[in-house]
Amino acid sequence: MSGADAAPDAAPPDRDPGLQPERTRLAWRRTTLSGTVVAVLAAKAALHGGATPLSVLAVSLCCILWLAFLLIAHGRIRTLASANRPPALPPPHAAAAALCTLALAVCGALLVL
């Protein structure tokens with residue numbers, strides 16, 4: 001039966017997501033790995049010349065930001081893995097992930113400078 005022969009009121013078949021959810025999961029994992037590298041390098045840079053209160057504060061902030069992003073990313077990865085058609089990322093979660101990533105990059109850059 002060809003597509004022209006199908007009844008017009010027939011329900012469309014379930015969406016075939018292909019590899020898109022897998023690519024999205026991998027992107028979340030890559031971003032989490034990048035944040036891990038920034039946090040580790042920030043700690044190394046802060047402790048290299050001796051720990052000052054400001055460097056310890058910056059490293060603590062990096063670790064908190066990394067953990068917050070990790071929590072958001074892990075939740076999204078689980079959602080993408082479990083659903084046939086995963087819901088969109090809620091705007092507050094997307095904003096929090098973006099802010100964590102940006103703040104982590106800024107903290108890491110400040111520690112390097």
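These are my notebook entries on a predicted model of a protein.

**Entry 1. Confidence**

I began with the pLDDT values. The protein averages 81, and 83% of its residues score at least 70. I then looked at the elements one by one. Helix H2, residues 53–82, has the highest mean pLDDT among them, at 88. The lowest mean, 85, belongs to helix H1, which covers residues 20–48.

**Entry 2. Elements and overall counts**

I listed the secondary structure next. I found three helices and zero strands, and from the N terminus on the order reads α-α-α. Helix H3 spans residues 91–112.

I noted two totals for the protein. Of its 113 residues, 24% are buried. For contacts with a separation of 6 or more, 81% join residues that are 24 or more positions apart.

**Entry 3. How the helices pack**

I took the helix pairs in turn. Two packed helices are described by the angle between their axes and the distance between the axes.

H1 and H2: I read an angle of about 170° and an axis separation of 9 Å. The angle is over 145 degrees, so H1 and H2 are roughly antiparallel to each other. H1 passes H2 in a left-handed crossing.

H2 and H3: the angle is about 150°, and the axes are 9 Å apart. H2 and H3 therefore also come out as roughly antiparallel to each other. I recorded their crossing as left-handed.

H1 and H3: these axes come within 9 Å and cross at roughly 30°. An angle under 35 degrees counts as roughly parallel, so H1 and H3 are entered as roughly parallel to each other. H1 passes H3 in a left-handed crossing.

**Entry 4. Residues between the helices**

I looked up which residues of H1 meet H3. On the H1 side I wrote down Trp 28, Thr 31, Gly 35, Val 38, Ala 42, Ala 45 and Ala 46. They meet Ala 97, Thr 101, Leu 104, Gly 108 and Leu 111 in H3.

For H2 against H3, I noted the H2 residues Ser 55, Ala 58, Val 59, Leu 61, Cys 62, Leu 65, Trp 66, Ala 68, Phe 69 and Ile 72. The H3 residues they meet include His 93, Ala 96, Cys 100, Ala 103 and Cys 107. Ala 97, Thr 101, Leu 104, Gly 108 and Leu 111 are listed here and also on the H3 side against H1.

**Entry 5. Ala 97**

I picked Ala 97, which lies in helix H3, for a closer look. Its relative accessibility is 6%, so Ala 97 counts as buried. Leaving aside neighbours within four places in sequence, I found Ala 97 in contact with Trp 28, Phe 69 and Ile 72. I also checked Ala 68, 29 residues away along the chain; the C-alpha atoms of Ala 97 and Ala 68 are separated by 8.0 Å.

**Entry 6. His 93**

His 93 is also in helix H3. At 43% relative accessibility it counts as partly exposed. I looked up its C-alpha separation from Gly 75, 18 residues apart from it along the chain, and read 10.0 Å.

**Entry 7. Ser 55 and Leu 57**

I then turned to two residues of helix H2. Ser 55 sits in this helix, and so does Leu 57. Which of the terms buried, partly exposed and exposed applies to Ser 55? Ser 55 is buried, because its relative accessible area is 10% and the limit is 20%. Leu 57 has a relative accessible area of 56% and is therefore exposed.

Leaving aside neighbours within four places in sequence, Ser 55 is in contact with Ala 46, Gly 50 and Leu 111. For Leu 57 I looked up the C-alpha separation from Ala 46, which is 9.6 Å with the two positions 11 residues apart in numbering.

**Entry 8. Salt bridge**

How many salt bridges does a search of the whole structure find? I got one. It joins the side chains of Arg 25 and Glu 22, at 2.2 Å from N to O. Because Arg 25 and Glu 22 are three residues apart in helix H1, about one helical turn separates them. I checked accessibility for both partners. Arg 25 is buried, with a relative accessible area of 16%, whereas Glu 22 is partly exposed at 33%.

Methods: Residues are numbered from 1 along each chain as its sequence is written. This is a predicted model: local features need pLDDT of at least 70, side-chain atom pairs count only at pLDDT 80 or more; totals for chains, interfaces and linings use all residues. Side-chain values use heavy atoms; hydrogens and water are left out. pLDDT is the predictor's confidence in each residue, from 0 to 100. Helices (H or I, at least four residues) and strands (E, at least two) are DSSP runs, numbered from the N terminus. Buried means under 20% relative accessible area, exposed over 50%, partly exposed in between (1.4 Å probe, protein chains only). A salt bridge is a side-chain nitrogen of Lys or Arg within 4 Å of a carboxyl oxygen of Asp or Glu. Axes are lines fitted to C-alpha atoms, for helices over the stretch in contact, and angles run from 0 to 180 degrees between N-to-C directions. Angles under 35 degrees count as roughly parallel, over 145 as roughly antiparallel, 65 to 115 as roughly perpendicular and the rest as oblique. A crossing is left-handed if the near helix is turned anticlockwise from the far one by less than a right angle, and right-handed if clockwise. Contact means heavy atoms within 4.5 Å.
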